Amino acid sequence: LSGKAMVIQNIPIAIVSAISSSLIPQISNEYAMMRMDELKQKIKTSLEMALFIILPSSIGIFILAKPILQVLFPGDELLKETIILLKMLSCSITFSSISTLYNGVLQGIGKVNIPVKNALISLIIQTVTLSMCLLFSSSGIFAVAGVSFLYSCSMFLLNSKSIKKRLSFYINWKKDVLPYLFSSLLMGVTLFIVERLLNRIVTFVFFKLLLCILIGIFVYFIIL
């Protein structure tokens, strides 16, 4: 049940992980030369590139969870719980992706132990919270999805704090995030309407999903 949802969740995160890996040598070079302005600009550019990908991806996965699962796992019994689980996991994509990017930045400046320390703290928080949920509720697999979101948020906050402390770099939410978030939300509203309209006239799931994706991309770029 969770394996299917996590495979889909990890696709945009893997893309950002590749960006993070390519960023490490550039960050190392700028940090060694003490070119801090250039270093911050590279982080900002990489962050914008990541947000450009992950915000529409997470919202798109949330809206189109059912057809995505139907296309990628045809013939399998599609449980309502799987769709809900994927929607929940999609909410953690943005924080997980930025945390991955920040891991690369911290490694690039030689602070390889900090991401490990932050991951350990986040893991402890996740484990304690999950244990409490399993002991005192019957949420089951949904508790796992919930603490996964908690873990990604914790990693994001801790890594952000570490980078701000060592590089005086922080996210300008209004300038760096809001344009991508606004475009992604409007794209999500459009996808919600289009997907329900296509449900009435299109029976082939793959074709419906493809149309939704193409329309979503078009709307996202037009608004952005």
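# Exercises on a helical model

Serine 168 is found in the loop that connects α7 and α8. Let us start there and work through this structure, which is a predicted model.

## Exercise 1: Two loop residues

Task: Find out which sign phi has in serine 168, and then look at methionine 34 in the loop between α1 and α2.

Solution.

Step 1. Take serine 168: its phi is near 55 degrees, a positive value in a residue other than glycine.

Step 2. Compare this with the general trend. Most residues other than glycine have a negative phi.

Step 3. Move to methionine 34, which lies in the loop between α1 and α2. Its phi is near 60 degrees, again positive in a residue that is not glycine.

Step 4. Add the surroundings. Methionine 34 has 57% relative accessibility, and because exposed means over 50%, it counts as exposed. Serine 168, at 49%, counts as partly exposed.

## Exercise 2: The nonpolar core

Task: Say which helices build the largest nonpolar core, and which residues have the most contacts inside it.

Solution.

Step 1. Begin with the core itself. The largest nonpolar core has 49 residues, and Leu47, Leu51 and Leu167 have the most contacts inside it.

Step 2. List the helices that supply at least two residues each: α1 (2-32), α2 (36-63), α3 (65-72), α4 (80-90), α5 (93-108), α7 (141-167), α8 (173-201) and α9 (205-223).

Step 3. Pick out the main contributor: α2 gives the most, with 10 residues.

Step 4. Zoom in on leucine 51. Leaving aside residues up to four places away in sequence, leucine 51 touches Pro56, Ile98, Asp176, Val177, Tyr180 and Tyr220.

Step 5. Recall the general background. In soluble globular proteins, nonpolar side chains tend to be buried together.

## Exercise 3: A network of charges

Task: Work out how Lys44, Glu48 and Asp176 are linked.

Solution.

Step 1. Start with a general idea. Side chains of opposite charge can pair when their charged atoms come close.

Step 2. Examine lysine 44 and glutamate 48. Their side chains form a salt bridge, with 2.6 Å from N to O. The two are 4 residues apart in helix α2, so about one helical turn separates them. Glutamate 48 is partly exposed, with a relative accessible area of 22%.

Step 3. Turn to the other partner of lysine 44. Aspartate 176 meets lysine 44 in a salt bridge at 3.7 Å, N to O. This pair links distant parts of the chain, since aspartate 176 is in helix α8 and lysine 44 in helix α2, 132 residues apart. Aspartate 176 counts as buried, at 4% relative accessibility.

Step 4. Put the pieces together: Lys44, Glu48 and Asp176 are linked in a network of salt bridges.

## Exercise 4: A charged pair joining two helices

Task: Decide whether lysine 208 and glutamate 195 are buried or exposed, and locate the salt bridge they share.

Solution.

Step 1. The side chains of lysine 208 and glutamate 195 meet in a salt bridge, 4.0 Å from N to O.

Step 2. Lysine 208 belongs to helix α9 and glutamate 195 to helix α8; with 13 residues separating them, the pair links distant parts of the chain.

Step 3. Buried means under 20% relative accessible area. Lysine 208, at 8%, is therefore buried, and glutamate 195, at 6%, is buried as well.

Step 4. Place the pair in the whole: the count comes to 5 salt bridges.

## Exercise 5: Two leucines and a serine

Task: Contrast leucine 106 with leucine 120, then describe serine 154.

Solution.

Step 1. Leucine 106 is in helix α5 and is buried, with a relative accessible area of 0%. Its contacts beyond four places in sequence are Lys111, Val112, Ile114, Pro115, Asn159, Ser162 and Ile163.

Step 2. Leucine 120 lies in helix α6 (residues 113-136). With a relative accessible area of 51%, leucine 120 is exposed.

Step 3. Leucine 120 also helps to make a nonpolar surface patch of about 680 Å², together with Ile124, Val128, Met132, Leu135 and Phe136.

Step 4. Serine 154 lies in helix α7 and counts as buried, at 10% relative accessibility. Not counting residues up to four places away in sequence, serine 154 touches Ser122 and Ile125.

Methods. Residues are numbered from 1 along each chain as its sequence is written. This is a predicted model: local features need pLDDT of at least 70, side-chain atom pairs count only at pLDDT 80 or more; totals for chains, interfaces and linings use all residues. Side-chain values use heavy atoms; hydrogens and water are left out. Patches are made of residues with over 30% relative accessible area and no salt bridge: like charges are joined within 9 Å, nonpolar side chains (Val, Leu, Ile, Met, Phe, Trp, Tyr) within 5 Å. Accessible areas come from the Shrake-Rupley method with a 1.4 Å probe; for residues, only the protein chains shown count as cover. Buried means under 20% relative accessible area, exposed over 50%, partly exposed in between (1.4 Å probe, protein chains only). A nonpolar core is a set of buried Ala, Val, Leu, Ile, Met, Phe, Trp, Tyr and Cys residues joined through side-chain atoms within 4.5 Å. Contact means heavy atoms within 4.5 Å.
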